[in-house]
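Work through the exercises below with the structure open beside you, and try each task before you read its solution.

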Amino acid sequence: MRTALAIGTFFILVIHGIVFYNQFFHQWERNQNAYFDQARVLAKTDTERAALAARKPRIEQIVVSNFGETRVDRCTTCHIASDDPRFVTYAEPLKTHPYSTAMGDTQKDGKWERRHKFSEFGCTVCHDGQGRGLDPEYSHGNDEYWPDPLLGFTTQAHWRKDFAPKLKGKEYMQANCAQCHTEIAFPGTPLVTKGRELFFSSNCYGCHRIEGLSDGTIGPDLSDVGKKWKLDYLWGRIADPKFILATSIMPKFNLKDEDVKALVVFLKSRKGRNFAETEIQRFKVKLTGGAELVQATIKPVEIRPAEMIKQGEKLVLDRACTACHKLGERDGGIAPDLSFEGLLKNEQWLLAHFKNPKSTMPDSIMPAFRFTEDEFKAMTAYLMTLKGFPAPADGEAIYKALCLRCHGEKGDGQGPIAEHLDPYPRDLTKSGFMNSKPEARLVASIRNGVAGTSMPAWGKLLSEEQAKVVLGHIQTAFTKEPRRELKPRQIPEKSPVAMSPESVARGEALFVNRCAGCHGKKGDGKGANSLDILPKPRNLRNTAFVDSVDDRRLFESIQYGVQGTAMPPWIDYGLTNNDVGDLINFIRSINQKPKGGPHAAAIQ
Amino acid sequence: MSPATPPKSPFLATLMDLPKNVWRSIFRNPLPSNDLERSATSFTNFFLHIHPVKVHKHSLRPTYTFGLGLMSFFLFVILIVTGILLMFYYVPSTTQAYDRMLDLRGTVAFGTLLRNMHRWSAHGMVAVVFLHLCRVFLTGSYKKPREFNWVVGVILFLLTLFMSFTGYLLPWDQLAFWAITVGTAIAGYAPIVGKDMQFLLMGGTSVGQEALLRFYVLHVAVLPAILTLMIAIHFWRIRKDGGLSRPDDADPKPSLEAMENAVAPKASVPEPKKVYGFQGLVRGPLTKVGQVPDNTVFSWPNLFLAELFTFVVTLSAILVLSLLFNAPLEEPVNALHPPNPAKAPWYFLGLQEMVSYSAFWGGIGVPTIFVLLLLAAPYLDRGPKGVGKWFSRDRLLANTIFITFVVANIIFVIIGTFFRGANWAFVTPW
């Protein structure tokens, strides 16, 4: 027992020895002593030498309160020679911080004067890192938990190996320069300027919001992305969006490394609010939407009528349209194929769609991009020249060439881009639906398209016979069940109730009672039950679609249901023909347009 | 000195004797060399008089107690000392707390060591207190007359958990913030009072400045005071309940000879006029009068050496741990960016794992039943047999139920710690 006690006590003593040694013999003390020794050698006068001899190692710190939260920078404890011009040739940590005219440092009588004095700015305001630390590991931010490792110098151990080497270089510090130097095209921060231009020219702004710059809503808000994330994450999300978040729908842009770097630096500079702005300035930016900055950043292409098509082609390729769309060999894998656009759409539709995608397709996720009218016209002109290739002969080949991208290999409506389309492509394996519709209607859907949805009108490419051939292929390959004779139903051609405010009111009451669970109170197809239903309930505010459908079809869908979907035959639930008429009138009434549309007259 | 020295002046003599007199006045006894002095040393020293003068040999067996109770106490002492030192540097403010942690880690003398010691002692205390509880249960030591002390012990265990939990938030990093968010959410699953309890604990609907302040006050003032009081009661009751438990056959049976003319004891109705000596009120087998044979040894040095040894082992272990492993400090709090998965402290991961199956039963139902069973154990299990032996056959049922609960919880903690990844999906750690 006593021996064990003695050993244990000795053990405790040894540990205390180690602890005390670590505590009183710091690395930084050795650095400072080395500096004092060197400085004594370099000293020219005796007083200088005496002053150095009197100095003892101590923690040096700069407290900076001018830039956001108070910073305590103890970096000069180790980097003690950073302001001593005699140590230019020494190795870190005993090295003079470089002087640079680009940074505003001036030379007077051979003596350098810093523009950014350490006593005023500290270190971390430019370099990041952890100012409070005295241990290189922690103060340089090698610790994986530290959010701001030294910008462009320190890469953390867990960063992706193929990205880490690209994240070194002092140019990354421009992100911090931009916290104060917010001038448009500030010469000291070329990468920030370039990144901001790329943010617009690569159409990032279409999906992402940055306060004072853009209003995209599809992707995450990037206003303070530089504060939230480290370089490694920013680079990763741009270079390989799916690597960090498997569910990301962000397209993979094929950017050169230097472009990615510029974007990363620009994003790193987005830290919510920066030191240079006052409340009033922020408010002004809010009022104008940052128009000044945006105008300075976007560089519109001057369109010459003679070269319109060529310029349009260049625009389509340069502005990253194929990051989402398919065009020839390029395929972003998110949005429809543009190869046949000249046959499927007309100029008027394209122009309207460019200016406001939701005007032609209410549920489109395509952002409204800020191009000039001329640019839109040039792009439209180019797209109208795209005629694709002649349709192949047999049904299977046609399906693969034209339909598969949306309707899927198995015809189940789960094509590669289906998840980005709203409404979803039709599930062609649902025989209940396919066999309850007359062939003429299905052929019409193929040849005339479905208005307000991504289903284009293939009529200029496929003849009636070809459409039937594709349908035959779909019928045998996917639907499988043979078509049956349809029972004749009693369906009026027009709504049995005349349009009137009373009828609309009755229809609304019925709608809220019977339909809102799935179609939603607003009729937008987003009712509580819609989450569990496939195909999704129809968006009845999709005016383009509703206008393309006549009363007869609306009546049939409501009163006899839509087989193969969750829409039940309401005749079984006690709706009279007049009730259905009221509902039709209500649905028409919520799709009023100022003018035009085949049913406008009825509504007026 | 030669005997021929001239007589010293009385003042000089006083001065020469001063150190000796000061020493004597503090420590009344010389280092003991006989039994009387051993008794006196234990009896007259403030710190030693908590101990009995003589202690049963069975209580000194290392494999009976493994020193777990003492270890818990010493860890508590280490926690108090390091905790007070840390308090000098800590500010319970959401804007300052994390910076103070950075200062402790980088700049404050011995800051890292203090933080490490406090952290590992806290984790250690939770583990050791729980092991101590297992020891007491598995040796049947909660039985009469130690029922109430067992209840005090269970309360001490719960207080220890709460103590560790409240301290978890103080570094104000991501680990702390989300662990407490998850932990208080578990409390919110309790029926009726759950949401109010959660609100009271956090001082709001989410973890923020109010929560930090509340946890700080609980951690440094309220809980330590309660814990200290309960520990005092716990120790007091050990003495009053007759020392540590031991089996019946640990004592030699005194052979009692029938005394002639012995008066048959009367019915035990105390006579009103009777004046009792204090000895008569002290319960338990340690009170003995005369030369009854027993199995005790003097506490000095047997017990005290054992205690010192336990202390040295505990301190060494904590020091080594603190030297080898740094207490974690993650990113500063970002309330908008939860880690996936957000995990509670390890000792609550069993609960969190169970909560992932059923919020009410995992977080409240099962733990409450377990604690109530623990508290009620000495009042439900009244059989006098099996005291003082590990895994006694007489207590097969009680031990089996207990071990089942414990093993189940340990399995859940292990699953929760190592086998749960993003979205609480099952992952293999290798």
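## Exercise 1: an aromatic residue in a loop

Task: decide whether Phe389(A) is buried or exposed, and say where along chain A it is found.

Solution: In this predicted model, Phe389(A) has 9 other C-beta atoms within 10 Å and is therefore exposed, since a residue counts as exposed if 12 or fewer such atoms lie within that distance. The next step is to place Phe389(A) along the chain, where it is found in the loop between helix 19 (373-384) and helix 20 (395-407) of chain A. Finally, Phe389(A) can be related to Ala401(A), which is 12 residues apart from it in sequence and 9.8 Å apart in space, taken from C-alpha to C-alpha.

## Exercise 2: chain A as a whole

Task: describe the secondary structure and the overall dimensions of chain A.

Solution: Begin with the secondary structure of chain A, which comes to 28 helices and eight strands. Then turn to the dimensions: the C-alpha atoms of chain A fill a box of roughly 115 × 85 × 55 Å along the principal axes, and the radius of gyration is 34 Å, whereas a compact globule of 604 residues would have one near 25 Å. As for burial, 34% of the 604 residues of chain A count as buried.

## Exercise 3: where the two chains touch

Task: find how many residues each chain gives to the contact, and which element of chain B gives the most.

Solution: The contact takes 21 residues from chain A and 24 residues from chain B. On the side of chain B that touches chain A, the elements giving two or more residues are helix 5 (97-106) and helix 12 (299-324) of chain B, and helix 12 of chain B gives the most, with 10 residues. Sorted by class, the residues on this side of chain B are 15 nonpolar, four polar and five charged.

## Exercise 4: two helix pairs in chain B

Task: work out how helix 6 of chain B is oriented to helix 12 of chain B, and then treat helix 13 and helix 14 of chain B in the same way.

Solution: The axes of helix 6 (residues 111-138) and helix 12 of chain B come within 9 Å and cross at roughly 125°, and these two helices are therefore oblique to each other. The crossing is right-handed. Among the residues that make the contact are Trp120(B) of helix 6 and Leu321(B) of helix 12, and by class this contact has five nonpolar, four polar and no charged residues.

For the second pair, helix 13 (residues 346-355) and helix 14 (residues 359-380) of chain B pack at an angle of about 135°, with their axes 6 Å apart, which makes helix 13 of chain B oblique to helix 14 of chain B. The residues that meet here include Leu351(B) in helix 13 and Val366(B) in helix 14, and the contact has six nonpolar, two polar and no charged residues.

## Exercise 5: backbone exceptions

Task: what is the form of the peptide bond from Trp300(B) to Pro301(B), and which sign does phi of Asn423(B) have?

Solution: Most residues other than glycine have a negative phi, and most peptide bonds are trans. The bond from Trp300(B) to Pro301(B) is cis, with omega near 0°, and Pro301(B) is found in helix 12 of chain B. Asn423(B) has a positive phi, near 60°, and with 7 C-beta neighbours inside 10 Å it counts as exposed.

Conventions. Residues are numbered from 1 along each chain as its sequence is written. Chains are lettered from A and ligands numbered from 1 in the order in which they are written. This is a predicted model: local features need pLDDT of at least 70, side-chain atom pairs count only at pLDDT 80 or more; totals for chains, interfaces and linings use all residues. Two residues are in contact if their C-beta atoms, placed from the backbone, lie within 7 Å. Helices (H or I, at least four residues) and strands (E, at least two) are DSSP runs, numbered from the N terminus. Ala, Val, Leu, Ile, Met, Phe, Trp, Tyr, Cys and Pro count as nonpolar, Asp, Glu, Lys and Arg as charged, and the others, Gly among them, as polar. The radius of gyration is taken over C-alpha atoms; the globule rule is 2.2 Å times the number of residues to the power 0.38. A residue is buried if 20 or more other C-beta atoms lie within 10 Å of its own, exposed if 12 or fewer, and partly exposed in between; C-beta atoms are placed from the backbone. Axes are lines fitted to C-alpha atoms, for helices over the stretch in contact, and angles run from 0 to 180 degrees between N-to-C directions. Angles under 35 degrees count as roughly parallel, over 145 as roughly antiparallel, 65 to 115 as roughly perpendicular and the rest as oblique. A crossing is left-handed if the near helix is turned anticlockwise from the far one by less than a right angle, and right-handed if clockwise.
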